[in-house]
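Hi everyone, thanks for making time for this. I'd like to walk you through a structure that may be new to you, so please pull it up and follow along.

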Amino acid sequence: MPGFLRPFDGLSPQGEKILVVVQLSGGNDGLNTLVPFRNDIYYKSRPNLAIHSSKVLRLNDEQGFNSILPEMADLYNRGMMTIVNNVGYDNPARSHFRAMDIWHSASGANQTLDTGWIGRYLDSSCLGCERAAQALFMDSAQILALKGKNRVGFSAGEIHKLNEAANTPRFQQLLKAKHAADHQELDFMYKTLASAVSTAGYLTETAGKFKSRSMYPTGYLSQQLKSTTELIAGGCYSRIYYTNLTGFDTHTNQLADQSIQLTQLSKALGVFIKDMEQIGRLDDVLVMVFSEFGRRVKENGSGTDHGTANQLYLIGKHLPKAGMFNAAPDLQKLDDVGDLIHTVDFRQVYIEVVEKWLQVNSSQIIAGSFPRLSLL
Amino acid sequence: MTDLQKINHLYRRGGFGLSPDQFLAFRKRSFAYGQDLFFEQASRVHFLTQIEVNTFLAKSQDQRNKERDSFLGRNVEAMPDTRIEWMNLMGNPDVSGLHEKMTLFWHGHFATHIRFAHSAVLQNNHIRKFALGNFGDLLRGMVKDPALLNYLNNNLNTRQRVNENFGRELLELFTLGIGNYTQKDIVEASRAFTGWGHHEHYQFFIDPYFHDSDSKIFLGQKGNFDGDDIVDILLKQKQTARFIAGKLYCFFVSPIENTAHIEYLTEIFFKNNFEILPVLKAMFSASWFFESQVVGNHIKSPIELIASIMRVFRLRFKDGTALFRLCEWLDQQLFFPPNVAGWPNGEAWISAASLFKRLNVSTYMANQVLPPPSGVLRPLGPLGTDISGINLGVTGDFQPVYTSFEKLKGTKQLSSLVEYLLPVLPPSPLPFSTTGTSSRDKLLINIFGLMGTPEYQLK
């Protein structure tokens, strides 16, 4: 039975590190995001879908952003982005659900864990500390990544309405009531209610302290990043903000569909980073952008099939390895299905983020031993 | 456990709960009587009404091409009525809860996003026909179902260019479950389904030009398999029985899997050649089904919650847009599953926001029928503003509730209501008060008060 958040108290002090995760759900096609614009195999494999080299914002001699991502290219050129190519894991799962579970739980492909890596961070980071660290899911559902054994992150969608409802008398009475013992699911609901009250009140008040006047593009990720800005600016005591953008499962009509999602991603991240600069917290923020898998090299009609390894993006002001961290995907060396072969395990990245950014020991959070990357 | 408690548990889990009159009628009956009636009712199958398409189909190809957009438009416009018809079956206490719930179970299992009423009814009526019948018959029809083939991109699956989506989900989600086949099996199964498609969103056909009739190796067997052969091979696998038995167990018994119990059901399912009814009978008779850690320890999905409220007050939806908005608000829309894996079970339905809505929903629905008399509970607050302003378009009948419970007074009425509505003890003290209200208001406050608790979210 996971425990629940205690009331937030106090402010997140200047200098405390914050992680913002941007999850691209559905399997973002990495090859059309960061285009290998000199690679013949890429162009031969994608006669309909390849991004022409004239529509690429070149980052080096091999790879460049699809031109619908100018803000991302700008961040890269300002030394504020590290791109890790070929991130994946052994025996990759091509199922959305399985792949997402693997990324959320930081498990291997042949292993199932019922807690998430951030949940375990919440569990372990508080050993001996005065105040527990917190994590917020900026979407409204539950997510495995934020579920620990003893603590779970809070789903912060719709916090204003929640806060108003929490102050009605019937609800307050319900909270004081005793409920039937030994009923796990009932217990879960009562704890959800109790945590909702204290957390919704705190979040509403905190987010209300600052209103971003920046022009975020329309879209679901934008809303989440805007709320994240307001919470950070208000001094919210959360170390992790987990955002989610869906719509990347482009089996058909990829060019149009992916471009809508990527445009929002790039614009929203651009505004978010500007906002962080403006409120003086850019030094403290690291953004990590990932998707559960990339897509197959060879196109399939107007779309692409589920693939394997993909890029992962880190964005922030203090990146010792800003730029291209490792070599571009080797399209001559694909697996037997025709998918990219990973060269970096995603857990190596998590370990870097946990140890170097969140500054806690990763042994209780990420299982297994991996070579250190020196990424952060 | 008393017989009445066991009957209540069976009807809550296997259906959407009892109506007040059914509850009273079962008070003096044995569990065996209640169980017999439960299964007997399930043999009476209801079907959804198909929209008229023959006029369109009878037209020439040219004419159809010209009219296709408006034909499909009418199909889309008919979806709200299709949803209403199904919801009103689930919420009607005179209709078998088990049959409706199995239809919902298979709809989640073969999760398909469907925009066109004709395809939706076609698929749903196929599910209705075999919901408690033979899984093989169900599966053989589903792999030819136009809506499912379309949803899983099998229209793009050709021998010239294999699309694995349909093949993968067939193995991962419909039969074997993940980890029981290789990537190669996915490709080979997909090849067998190349060229399987449909005309005009309604009619199955195999296009020989796109079908790969060469030899395939699937799960260690070799042959010039087509889709039917693949299904036959899958129906020889005990793992298929195990996977389905496991899903039934999680849906009906507990989201926490119990290997021994699932294995017990697997044996029955496999031995009975994938007949579904024997598994359900075994599951709903097993001693573990009535254990205290099972009873009342499962969370209703939003559709189950709506249906269970409907059965109390004999509510019926009249307005498709209103039903759509209500379901959107609670985050479960019939024919719009969240993804190919269907809907989750249990705790995944509960977040702080969803719980608030769920505590309010009975008051909203019933208030549409019954202008609240003074003192009757108001919704919990502004979370309701999303739907409180709209007319949900429901009708209902409160008479069975009055007839059944008004003659009981004071604590007797309350304890009877608790037993009827909640699978566990209510919160203490109760979060509402009936002091100083008329007897009818007292009854209504008690009912809505109990329905507005976390306990009522359980089944």
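Let's start with Val56 of chain A, whose bridge partner in strand S4(A) is Asn66(A). Before I go on, please keep in mind that this is a predicted model. That pair belongs to the contact between S3(A) and S4(A), two strands that run antiparallel and are joined by 3 bridges. If you trace the chain from one to the other, you'll find a hairpin, with 4 residues between S3(A) and S4(A).

Now look at the other partner of S4(A). Strand S4 covers residues 63-66 of chain A, and 3 bridges join S2(A) to it, again with the two running antiparallel. One place to put your cursor is Val35(A), which stands opposite Gly64(A) in S4(A).

So what is the order of the strands in this open sheet? Reading across, it goes S2-S4-S3 in chain A, 3 strands with antiparallel pairing. Strand S2, residues 34-36, and strand S3, residues 56-58, stand at the edges; each has a single partner strand, so one side of each is left without a neighbour in the sheet. From one strand to the next, the twist averages 45°.

Next, let's see how the two chains meet. How many residues of chain B are in contact with chain A? The answer is 55, and on the chain A side there are 41. A handy bit of background is that the size of an interface is often given as the accessible area lost when the parts come together. Here, chain B and chain A bury about 4100 Å² between them, and 62% of that is on carbon and sulfur atoms. As for charged pairs, the count between chain B and chain A is 1 salt bridge. You can find it by going to Arg296(A), which pairs with Glu164(B), with the closest N and O atoms 2.9 Å apart.

While we're on pairs, a quick word on cysteines. The number of disulfides over all chains comes to 0. Two cysteines are still worth a click. Cys236(A) has 1% relative accessibility and counts as buried, and Cys327(B), at 2%, counts as buried too.

Let's move into chain B and visit a few residues. Arg64(B) sits in helix H5, which spans residues 61-90 of that chain. Is Arg64(B) buried or exposed? With a relative accessibility of 12%, Arg64(B) counts as buried, because the cut-off for that label is under 20%. Leaving out residues up to four places away in sequence, Arg64(B) touches Phe56(B), Leu57(B), Lys59(B) and Glu200(B).

Another stop is Phe317(B), in strand S5, residues 316-317 of chain B. Phe317(B) is buried, with a relative accessible area of 2%. Which residues does Phe317(B) touch, not counting residues up to four places away in sequence? Among them are Ile84(B), Met87(B) and Asn88(B), and further along the chain Leu392(B), Gly393(B) and Val394(B). The list also includes Ile306(B), Met310(B), Leu323(B), Leu326(B) and Met365(B). For a sense of distance, Phe317(B) and Gly108(B) are 209 residues apart in sequence and 22 Å apart in space, C-alpha to C-alpha.

I've saved some backbone details for the end. A cis peptide bond joins Ser428(B) and Pro429(B), with omega at about -5°. Pro429(B) lies in the loop between helix H21, residues 410-421, and helix H22, residues 439-451, of chain B.

Then there are two neighbours in another loop. Asn273(B) has a positive phi of about 55° although it is not a glycine, and Phe274(B) has a positive phi of about 65°, again without being a glycine. Asn273(B) is placed in the loop between helix H14, residues 259-271, and helix H15, residues 276-283, of chain B. Phe274(B) is also in the loop between H14 and H15. Where do their side chains stand on exposure? Asn273(B), at 54% relative accessibility, counts as exposed, whereas Phe274(B) is buried, with a relative accessible area of 2%.

That's my tour, and I'm happy to go back to any of these spots with you.

Conventions. Residues numbered from 1 in each chain as written. Chains lettered and ligands numbered in written order. Predicted model: local features only at pLDDT ≥ 70, side-chain atom pairs only at ≥ 80, totals over all residues. Heavy atoms only, no water. Pairing = 2+ DSSP bridges. Axes fitted to C-alpha atoms, helices over the stretch in contact; angles between N-to-C directions. Disulfide = S-S within 2.5 Å. Buried < 20%, exposed > 50% of the residue type's maximum accessible area, 1.4 Å probe, protein only. Contact = heavy atoms within 4.5 Å. Buried area = accessible area lost by both parts, 1.4 Å probe. Salt bridge = Lys/Arg side-chain N within 4 Å of Asp/Glu carboxyl O.
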